[in-house]
Amino acid sequence: MSSLIRHVTVDAADPFVLAGFWAQVLDGSLGDDDFPGDPEAVVTTAAATLLFVRVGDRKAVKNRVHLDLQPQDRTRDEEVERLLLLGATLQGDHRRPDGTGWVTLHDPEGNEFCVERSAAELANG
């Protein structure tokens, strides 16, 4: 059998705080044994497990890997607004007048991620 992805690991200055942000974004949960100041924090979601690990280096360049989010119960634009209220910042708006496109955001530590159209929006053209 081939290997399976156990979790996606994200370097962080403050793993607990960044994991808290992503737990809200993904409607996930922090590990029961994760506390402020811990060197690692885990977020479990329906689709994946994210591991946040403390590193001393600050993010300096564009991510080589990033997450693309697809809203499940709201539109892309509604999800972007929700994420901005949670602490994300706008990096690039690639929405087009015909409704296609995506939005690139930064999480609180500057990691890029994108928000695509929901499945319902894709089905409606």
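Leaving aside its neighbours within four places in sequence, which residues is F52 in contact with? The list is V10, P15, L18, A19, W22, P39, E40, A41 and V43. Keep in mind as you explore that this is a predicted model. The points below start with the sheet, move to a helix and the core, and end with a pocket and some charged pairs.

**The sheet**

- Four strands make up an open sheet, and reading across it gives the order β1-β4-β3-β2. The pairing in this sheet is mixed.
- At the edges you will find β1 (8-12) and β2 (29-30), each of which pairs on one side only.
- Strand β1 runs parallel to β4 (residues 49-54), and 5 bridges join the two.
- To see this pairing for yourself, look for T9, which stands opposite L51 in β4.

**Helix α1**

- Helix α1 covers residues 15-25, and 8 of its 11 residues are buried, so the helix is largely enclosed by the rest of the structure.
- Which residues of α1 are buried? They are P15, L18, A19, G20, F21, W22, A23 and V25.
- Three of these names, P15, L18 and W22, may sound familiar, since they are among the contacts of F52.
- After α1 comes D27, a residue with a positive phi, near 50 degrees.

**The largest nonpolar core**

- This core has 20 residues, and those that touch the most other members are W22, F52, L83, L105 and F113.
- Several elements give two or more residues to the core: β1, α1, β3 (40-44), β4, α2 (76-86), β7 (103-106) and β8 (112-115).
- Which element supplies the largest share of this core? That is α1, with 6 residues.

**The largest pocket**

- The largest pocket holds about 580 Å³ of space.
- Its lining is made of 20 residues, and V25, L26, A47, L69 and Q70 lie nearest the centre of the pocket.
- Two or more lining residues come from each of α1, β5 (67-69) and α2.
- The largest share of the lining, 3 residues, belongs to β5.

**Salt bridges**

- Side chains of opposite charge can pair when their charged atoms come close.
- How many salt bridges are there in this model? The count comes to 7.
- One of them joins the side chains of D73 and R74, at 3.3 Å from N to O. Is D73 buried or exposed? D73 is exposed, because its relative accessible area of 61% is over the 50% cut-off.
- R74 is partly exposed, because its relative accessible area of 28% falls between the cut-offs of 20% and 50%.
- R74 also meets E79 in a salt bridge between their side chains, at 3.0 Å from N to O. E79 counts as buried, because its relative accessibility of 5% is under 20%.
- These residues belong to a wider arrangement: D73, R74, E79 and R82 are linked in a network of salt bridges.
- Another salt bridge is formed by the side chains of R76 and D77, at 3.0 Å from N to O. Here R76 counts as buried, at 4% relative accessibility, whereas D77 counts as partly exposed, at 33%.

Note on methods. Residues are numbered from 1 along each chain as its sequence is written. This is a predicted model: local features need pLDDT of at least 70, side-chain atom pairs count only at pLDDT 80 or more; totals for chains, interfaces and linings use all residues. Side-chain values use heavy atoms; hydrogens and water are left out. A salt bridge is a side-chain nitrogen of Lys or Arg within 4 Å of a carboxyl oxygen of Asp or Glu. Buried means under 20% relative accessible area, exposed over 50%, partly exposed in between (1.4 Å probe, protein chains only). Two strands pair if DSSP finds at least two bridges between them. A nonpolar core is a set of buried Ala, Val, Leu, Ile, Met, Phe, Trp, Tyr and Cys residues joined through side-chain atoms within 4.5 Å. Contact means heavy atoms within 4.5 Å. On a 1 Å grid over the protein atoms alone, a cavity is a set of points where a 1.4 Å probe fits but cannot get out, and a pocket is an open set with protein on both sides within 12 Å along at least five of seven lines; lining residues have an atom within 4 Å of a point. Grid points are joined across faces, edges and corners, and a volume is the space filled by probe spheres set on the points.
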